There are 2 protein chains.
Amino acid sequence: MLLIMSCRISNIVHKILVSSIRRESTNSFGLVRKKCVRLSLPILSNTTQWISTDHRLCSQKNMPDQNSFASRTHTCGEMRCTHIGEQVTICGWIQYQRHGLFVILRDFSGLIQILIPQDESAGHLKKTLFDLPLESVVRVTGNVVPRPPGQENSEMPTGEIEVQAQDIEVLNICKKLPFEIKDFVKKSEALRMQYRYLDLRSVQMQYNLRLRSRMVMKMKEYLCNLHGFVDVETPTLFKRTPGGAKEFVVPSREPGRFYSLPQSPQQFKQLLMVAGIDRYFQVARCYRDEGSKPDRQPEFTQVDIEMSFVDQAGIRKLIEGLIQYSWPEDKGQIGVPFPSITYSEAMQYYGIDKPDTRFEWKIIDISEGFRNTDIGFLRDALSKPEESVRAICVPDGAKQLKSKDIEFLRKNSRAQFNQEVTVVALKPDGSWKSPLSKLLTEEQKHLLCQATQAKAGDLLLLTAGEHEPVCRALGKLRLQCAELLESRGVAVRDSSAFHFLWVVDFPLFLPKEDEPDKLESAHHPFTAPHPQDALLLYTQPDKVRSQHYDLVLNGSEIGGGSIRIHNAELQQYVLEKILKEDKRLLSHLIEALDSGAPPHGGIALGLDRFIAIIAGAPSIRDVIAFPKSYRGRDLMSNAPDFVAAEDLVPYHISVSWPAVSQEAEGEQPEIPASGKGFNHT
Amino acid sequence: MLLIMSCRISNIVHKILVSSIRRESTNSFGLVRKKCVRLSLPILSNTTQWISTDHRLCSQKNMPDQNSFASRTHTCGEMRCTHIGEQVTICGWIQYQRHGLFVILRDFSGLIQILIPQDESAGHLKKTLFDLPLESVVRVTGNVVPRPPGQENSEMPTGEIEVQAQDIEVLNICKKLPFEIKDFVKKSEALRMQYRYLDLRSVQMQYNLRLRSRMVMKMKEYLCNLHGFVDVETPTLFKRTPGGAKEFVVPSREPGRFYSLPQSPQQFKQLLMVAGIDRYFQVARCYRDEGSKPDRQPEFTQVDIEMSFVDQAGIRKLIEGLIQYSWPEDKGQIGVPFPSITYSEAMQYYGIDKPDTRFEWKIIDISEGFRNTDIGFLRDALSKPEESVRAICVPDGAKQLKSKDIEFLRKNSRAQFNQEVTVVALKPDGSWKSPLSKLLTEEQKHLLCQATQAKAGDLLLLTAGEHEPVCRALGKLRLQCAELLESRGVAVRDSSAFHFLWVVDFPLFLPKEDEPDKLESAHHPFTAPHPQDALLLYTQPDKVRSQHYDLVLNGSEIGGGSIRIHNAELQQYVLEKILKEDKRLLSHLIEALDSGAPPHGGIALGLDRFIAIIAGAPSIRDVIAFPKSYRGRDLMSNAPDFVAAEDLVPYHISVSWPAVSQEAEGEQPEIPASGKGFNHT
């Protein structure tokens, strides 16, 4: 193949040099071509397959030169009417052949139709091309000509032209594929992962990976070029955090000593502030060993940011600017500043700390309406000061949800939150279908509908009890009802909308799950207390709010950060007196704070999830080139794999085989047939 | 501290708002300031300490806004005469206090002199500031004023002005430091590593990390924005390569199964080409477990590049453009294209595959002059067809090198290459001091001096024997003599010069070290053979040249790559017939090549070494924020460290303790007192 290529080059060069009109530069192959053709593009329909992802992603002003240094003059997808009359050389994959007359050639930029001359002298071209299996790779030289009138294809960006082939070289012949590329997205997740290099040829995966690359590039421009952030790489072979149960260990050649792969560069980014770096960022690879959680990856990427002499508002403004600057043009505009909500408001109105604000359905406190009620469980709830009765109203819920659905929701609420849900279905005529119907007066019913803005066809879900479980249960019901309605075709959330939201004023500490009388950090021990609560720290630490902030997009947490403690005594107090940690374990951090640490704060954005939401991808696996399966496997190479015992000797470890070998189990196919395990949430 | 900050803010805001002239934007602290002040900078002397590294690194046109989102209006180092009359707020570290009158404040951008009002009303300011230990962190608000005539400091970029303090806040008090910051660079490597966050405050480390960040940013702009490369992240938890003795293993939760940390994304980058990504790059973290090699790091970074439809010349042009585009302005200009040399020429003239071409001293074949010699060992050597007599001429070598030096060189050559070195010292009067002196006629001596261009005061070093050891020995002597002369103050190599060089036409295979009748890949099994040698592959594979290329800078290899094999049959032939590998181990790669792989090639640049050479740093540790010691330790956190046995249970491994515990040894200080272990080479 290499020999064929070499012989043909001189031939092409000759041909092209002969007709070198309107061309300005040569590439390394001696191919003469116009330097960086700038196109004016028609608006592309969303349904068109194989349109140029790059054309969708970048403005025409900043088009990179996709043909520099390569043995082609143009990409398949970039040619338009303006190229008519030019001789071009293109490289690509055979997408399909038609009528012995046309070959459709594909590269990352799109499709182009190649017209095969039908005269006898070009018989060899025809034979070569039509004998080739699909997905074979060829290089074609020819002239750009208009398609005959009436044969234009308006669905195809290159549909007004075709390339009349003059010379063809076969660069590689494709052997039998495990499936056809075009309907590949319908294949099972396991097959997609096993042949990931074929899966990545799909329009959607090309779009996703290019979107990711371009957004990351814009983020770096914003941080580095506009705001003076320094891109610093931090180690991934680090010391194990005490109790870091989710950290992978890496044996070293020193007996018994292990590195660990850190979950984030938290300590390093703070030390860089102490070091006077002033503004740090890193697109950082992080590691978390969570076994088999759906839509989590053992390695993931965060855009990690820290800066000195900043407050919460500063970080938020920085991030709003960052996201606005890097936002893809084809996804509409986003407004800044992003709205902000406190943690306690989020819990009160949405029952969750990452509210999906694309739709309303807020939780409403309807305690007032039941102050004088005779209904036992409501009266009981209201007799205690910390309890209340709350509800959500699901518009059209009575119309759309069946008894079976409602039974499922109630059961779920009982199991997960220990909350009884009382249901009011408002019939089309406005009358009530509810166990409460006979217990309430018309007046009370009217007041309830007024408070919840419920109307005919809506569904009211009520719970009573302590604040937190009541809100959490209703928050969950809100999301479940939205999903159920959407599955019936009701538009609840605009899938093309992007609702950003800051959640602030989190509690600094939470009771430990297993020892509720002890406190643990709600986020991490380096988070600074809220300035207004600074004194509470010494009296009622459980009441202290923190300077932590989360960034939420469409109900997913895509980032979180905080202003950090920069005072060594405060840090020591938190570690020693409140968290009862062994302070020696973090003594190097205390020592660092004591050596002139500036006030500082930062944030980390979860890049995988963020890009997945923007791309509209169902799973973070769709924005990662080579993801692991939900059990942490690489299905292409079959990693992790067995290692010879002698290869473990230098690391002074040996395998402790379980009593019953799980090897057989390990070999089982692990991907469920449905894509169920691969959703967000 | 937080409370103090908050109270003072309103005060500052008030003051600044009152005098808000010539200012255009507010930051999140409400501090009004000029948006991105653009300065014209004087040329800075190299000796000036604490000059703004950013000013050295970036052109004034593209100055980022270093003050956005922060609680300051200016950085310490950016202020000039043009700021006189402005009220500014700056944050920084106390560098030193003088005469109860001045405080010198430092941040990453440089130094500024703060003038403390001497009137009684400002007594508290004075007391606060002069009581503070050095390296404490303060925020100062004041007016920019000119220094009194005659008191300007021309060594200091901000030396024409000072800031008359109006308000001061203490942000953090520095406790006793383990050493003074200013002469910190003279501390031992171990101390520098243990207190890395202090070491990084030095001007040189700030410069190095910012240089690195900026160059990487420019590289990304070039690749992504100008040439359409896609930044794709590849996994670092991968499958162990068979025989990958240098790969760290990472135990998984499946008994006996391990991931490994790959040495490079080689397989993934090729698969991305098969996937039609067309142009890939990544600033990739790579891992290599080499135990304790000087100037190697267990984790390191490479700029990893691959593209489709490209040849060797294309990749070289791409990289030349990349380096030229990202080259720092303060390091002079570099010319392209870079010169190129074949592997065999490199060996012939420099005795090494990474010649330092900053100086000549080439190896000269002087066999002709000895064709009819009576000197036994020379005659013997020349009687065999593959042997020769060669020499290098060390200018001024006779003048500078002592007998002791020469004895050291000869001994070394004998030990390392089994080569006897014959020495000719040309005395100031041109006469010979050499064992050959009496054995050669004047005519022969004259011819030899002519051939080697030796003149009075020079030193000739001769060896005879087989081509390779002769050249390798002389190549080593060439470098050793250069170092010796430089240590005596003779300028051999220009330390500010940057000599790039491509080395090409490497052999594709080399005899295995332990089984010389078998072949192994000179680089890796995916390297394509040279097109001119394609047929030799089937007859004399040991004679085949490859399409591998190395990029050398000042005698260090900073990059390497190749055009890859894209034909499945050829790849299979190489793996199976030549390398005798078990082809099943790489079956997924063969399968990928068979599914429509485009011709492709790439390169990887070793970022750490490249930046170290440009920065003029003695070790790659000087361009890595948190490097490991030469034994792979993090001396700040003491990683790797012991892990509780129960933490290993989920990974089904246990420690195999050696018979004699090496724990005590592991605790020993491991950094040599001198920096000897930390050089390049």
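Two strands count as paired if DSSP finds at least two bridges between them. Strands themselves are DSSP runs (E, at least two residues), helices are runs of H or I with at least four residues, and both are numbered from the N terminus. With that settled, I can start on the sheets.

Before I do, the ground rules. This is a predicted model, in which local features need pLDDT of at least 70 and side-chain atom pairs count only at pLDDT 80 or more, while totals for chains, interfaces and linings use all residues. Residues are numbered from 1 along each chain as its sequence is written, chains are lettered from A and ligands numbered from 1 in the order in which they are written, and side-chain values use heavy atoms, with hydrogens and water left out.

First sheet. In chain A, strand 15 (residues 387–394) and strand 18 (residues 459–466) run antiparallel and are joined by eight bridges. Within that pair, A:Cys393 has A:Leu460 of strand 18 as its bridge partner. Both strands belong to an open, antiparallel sheet of five strands in chain A, ordered 14-15-18-16-17. Its edges are strand 14 (364–365) and strand 17 (432–433); each has a single partner strand, so one side of each is left without a neighbour in the sheet.

Second sheet, and here both chains take part. Three strands form an open antiparallel sheet in the order 9(A)-10(A)-25(B). Strand 9 (249–251) of chain A and strand 25 of chain B are the edge strands, each pairing on one side only. Inside chain A, strands 9 and 10 run antiparallel with three bridges between them, and A:Pro251 is opposite A:Phe258 of strand 10. Across the chains, strand 10 (residues 257–260) of chain A pairs with strand 25 (residues 641–642) of chain B, antiparallel, over two bridges. Here A:Phe258 stands opposite B:Asp641.

That brings me to how the chains are related. Two copies of a chain are related by a rotation about an axis and a shift along it. For this model, a turn of 180° and a shift of 0.0 Å along the axis lay chain A on chain B with an RMSD of 0.1 Å; the superposition is by least squares on the C-alpha atoms of residues with pLDDT of at least 70 in both copies. This is the relation of a two-fold axis. The same surface serves both copies, in that 100% of the contact residues of chain A recur in chain B, where contact means heavy atoms within 4.5 Å.

Now the interface in numbers. Chain A puts 151 residues into the contact, and chain B puts in 151 residues. About 13000 Å² is buried between the two chains, with carbon and sulfur atoms giving 57% of it; buried area is the accessible area (1.4 Å probe) that two parts lose on being put together, summed over both. Of the area that chain A buries against chain B, A:Phe69, A:Arg257 and A:Phe309 supply 7%, more than any other three residues.

What about polar links? There are 83 residue pairs in polar contact between chain A and chain B, both residues at pLDDT 80 or more. A polar contact is a pair of N or O atoms within 3.5 Å; within protein, one must be able to donate a hydrogen and the other to accept it, and residues adjacent in sequence count only if both atoms are side-chain atoms. On the side of chain A that touches chain B, helix 6 (residues 203–226) gives the most, with 13 residues.

Salt bridges next: a side-chain nitrogen of Lys or Arg within 4 Å of a carboxyl oxygen of Asp or Glu. The rule finds 24 of them across the interface and 92 over all chains. One at the interface joins B:Arg72 to A:Asp278, with the closest N and O atoms 2.6 Å apart. One within chain A joins A:Lys445 and A:Glu442 at 3.4 Å, N to O; these two residues lie three apart in helix 13 (residues 442–452), about one turn of the helix.

Last, some backbone geometry. The peptide bond between A:Val336 and A:Pro337 is cis, with omega about -10°, and A:Pro337 is in the loop between helix 8 (312–326) and strand 13 (340–342) of chain A. In chain B, the bond from B:Val336 to B:Pro337 is also cis, with omega near -10°. B:Phe69 is not a glycine, yet has a positive phi of about 65°; B:Phe69 sits in the loop between helix 2 (53–57) and strand 3 (87–98) of chain B.
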